[in-house]
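User: I would like to learn how to read contacts in a structure that holds both protein and DNA. Where do I begin?

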There are 2 protein chains.
Amino acid sequence: MAIYKFSPEQAGTNQPLSSNLFSRLQTDILTGKIRSGEKLTEQKICEQYSVSRTPVREALRQLETDGLVESIPNRGAYVIGLSQQDIEDMYQLRKIYEIQAVRWAVERITDEELDQLEETFEFMEFYTMKCDKEKMLNINTHFHQLIYSASHNRMLSHMLASYQIYIKHIRTTPKNDDEYLRIVFDEHRAIFNAIKARDAEAGARAMEVHMDNSKARSLPQK
Amino acid sequence: MAIYKFSPEQAGTNQPLSSNLFSRLQTDILTGKIRSGEKLTEQKICEQYSVSRTPVREALRQLETDGLVESIPNRGAYVIGLSQQDIEDMYQLRKIYEIQAVRWAVERITDEELDQLEETFEFMEFYTMKCDKEKMLNINTHFHQLIYSASHNRMLSHMLASYQIYIKHIRTTPKNDDEYLRIVFDEHRAIFNAIKARDAEAGARAMEVHMDNSKARSLPQK
DNA sequence: AGCCTTATAATTGTATACAAGTATTCAATT
DNA sequence: AATTGAATACTTGTATACAATTATAAGGCT
């Protein structure tokens, strides 16, 4: 797995992910543009996204293994989507692994990885000050992914990365952007400081707080 | 999700899973028939498995989202496979979620689900006595899946089900089959009794023991 | 009217054909 | 000898054609 240098300039544009059909369909399901229970007829998708059936079928198979679509042989594919319950469940599950990731990261992080994390953390601070919410979304994702890498557990990285895709679309916009950004930054600072101080318990606690708050922020009534 | 009646008669035959190309490739990668790092040329797979390129590409995309294959655009697909480290990591991660599954199952299991679990448990006892290792593999998987269902957490079920696919192929054969089956049965009994008694702590402890032993049993030196 | 049978249409599964991009070969040049 | 460049072969990406299966509709029967 190639580790690429993170460039905040490029971070704001969420173009790369939505380039292929799989990601586009994933986005449209998670944002509710395609409704849960809907039947995905191959021909319809072909017309709607202006592609032929081959890439459509490939995308459907990917959605199937991802659990967003149920494919019945010779019958077709049906959207499963995420219920509010699913989302809450996911946050609960994600929390468990995120905490574990921090613990392992504290134990196993290399000096180079810590430098990268610090660099990203400083970008976070900068764009929090600038209140650039668009860029912050990507930097936040990157910050978490660096922790996954630092845990040196390929399986864990893979699992948490798959959660991130969901999270990215679920996030609701709170009323006060500036305050929201500052609070999230403070939570990330607590995590970063704990990792830098190689304090696993503090890291776990900080991540737990961050996860509980993230879940609360994702709820519609907030 | 349709819950099907478990039939132990059908359980011994591991034919259903390997029916489609995706599962066949998955099996061949996990059993080492296809080696890690190997390039999967579409044409080669076509010839080797006697199918055309369309189903091959679909299978490759599924393997990609599963994390068993890395697909580089316009270049091809490369097998990632599982290292010994990956397997150990997976057991560690699986353990965390299996314990959580038991806790939730204790809280949320319905009477009907408990009946199903008991029925499956009794089949386990029967085939343990008969030392039918082939059938036991599938019954064990089914036993765990019933616990996932009883946790009433679709995400958790999905995650743990994906681990099961790996586990199924990783299991190494210990020296003494009869003793092995008896020990595994005892571990499962402890889990079942705890769930039936609605004792979350006892269930968690029993599952932890089962997971630690499973991991130890999967190691080659055992 | 309700139900079964049968014919037709629509959809999925598979194979193949063409387009676009990538890797390889080999000669020409420095 | 090493390197560059063009031509060729190979591989992936996409579109389309045909086969197999399933859904739909119409007509006949009780």
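The turns below go through the surface near one DNA strand and then some salt bridges.

Analyst: Note first that this is a predicted model. Begin with the residues around a strand.

User: How many residues surround DNA strand C, and which are the closest?

Analyst: DNA strand C is surrounded by 17 residues. The closest are Arg53(A) and Arg57(A), together with Ser52(B), Thr54(B) and Arg75(B). Sorted by kind, the residues of this surface are eight charged, six polar and three nonpolar.

User: Which elements supply at least two residues each of that surface?

Analyst: They are β1 (39–40) and α4 (53–66) of chain A, and α4 (53–66) of chain B. The most comes from α4(A), with three residues.

User: Which part of DNA strand C lies within 4 Å of the protein, sugar and phosphate or bases?

Analyst: Both parts occur. Of the strand's atoms within 4 Å of the protein, 62% are in sugar or phosphate, and the rest belong to bases. Single atom pairs illustrate each part. For phosphate, a backbone N or O atom of Ser52(B) is 2.6 Å from a phosphate oxygen of DNA strand C. Asn74(A) also places a backbone N or O atom 3.2 Å from a phosphate oxygen of the strand. For bases, Thr54(B) has a polar side-chain atom 2.9 Å from a base nitrogen.

User: Now salt bridges. How many are there over all chains?

Analyst: A salt bridge pairs a side-chain nitrogen of Lys or Arg with a carboxyl oxygen of Asp or Glu within 4 Å. By this rule there are 32 over all chains. In one of them, Glu58(B) pairs with Arg61(A), with the closest N and O atoms 2.4 Å apart. This pair crosses between chains, from helix α4 of chain B to helix α4 of chain A.

User: Are Glu58(B) and Arg61(A) buried or partly exposed?

Analyst: Glu58(B) is buried, at a relative accessible area of 5%, while Arg61(A) is partly exposed, at 22%. Both belong to a network of salt bridges that also links Glu42(A), Arg53(A), Arg57(A) and Glu64(A).

User: Which residue does Asp86(A) meet in a salt bridge?

Analyst: Asp86(A) meets Arg154(B), at 3.0 Å from N to O. Asp86(A) sits in helix α5 of chain A and Arg154(B) in helix α8 of chain B, so this pair joins two chains.

User: What does the salt bridge between Glu208(B) and Lys95(B) tie together?

Analyst: The closest N and O atoms of Glu208(B) and Lys95(B) are 3.6 Å apart. Glu208(B) is in helix α10 and Lys95(B) in helix α5, both of chain B, so the pair ties together parts 113 residues apart in sequence.

Note on methods:
Residues are numbered from 1 along each chain as its sequence is written. Chains are lettered from A and ligands numbered from 1 in the order in which they are written. This is a predicted model: local features need pLDDT of at least 70, side-chain atom pairs count only at pLDDT 80 or more; totals for chains, interfaces and linings use all residues. Side-chain values use heavy atoms; hydrogens and water are left out. A residue is near a molecule or strand if one of its heavy atoms lies within 4 Å of it. A polar contact is a pair of N or O atoms within 3.5 Å; within protein, one must be able to donate a hydrogen and the other to accept it, and residues adjacent in sequence count only if both atoms are side-chain atoms. Helices (H or I, at least four residues) and strands (E, at least two) are DSSP runs, numbered from the N terminus. Ala, Val, Leu, Ile, Met, Phe, Trp, Tyr, Cys and Pro count as nonpolar, Asp, Glu, Lys and Arg as charged, and the others, Gly among them, as polar. Buried means under 20% relative accessible area, exposed over 50%, partly exposed in between (1.4 Å probe, protein chains only).
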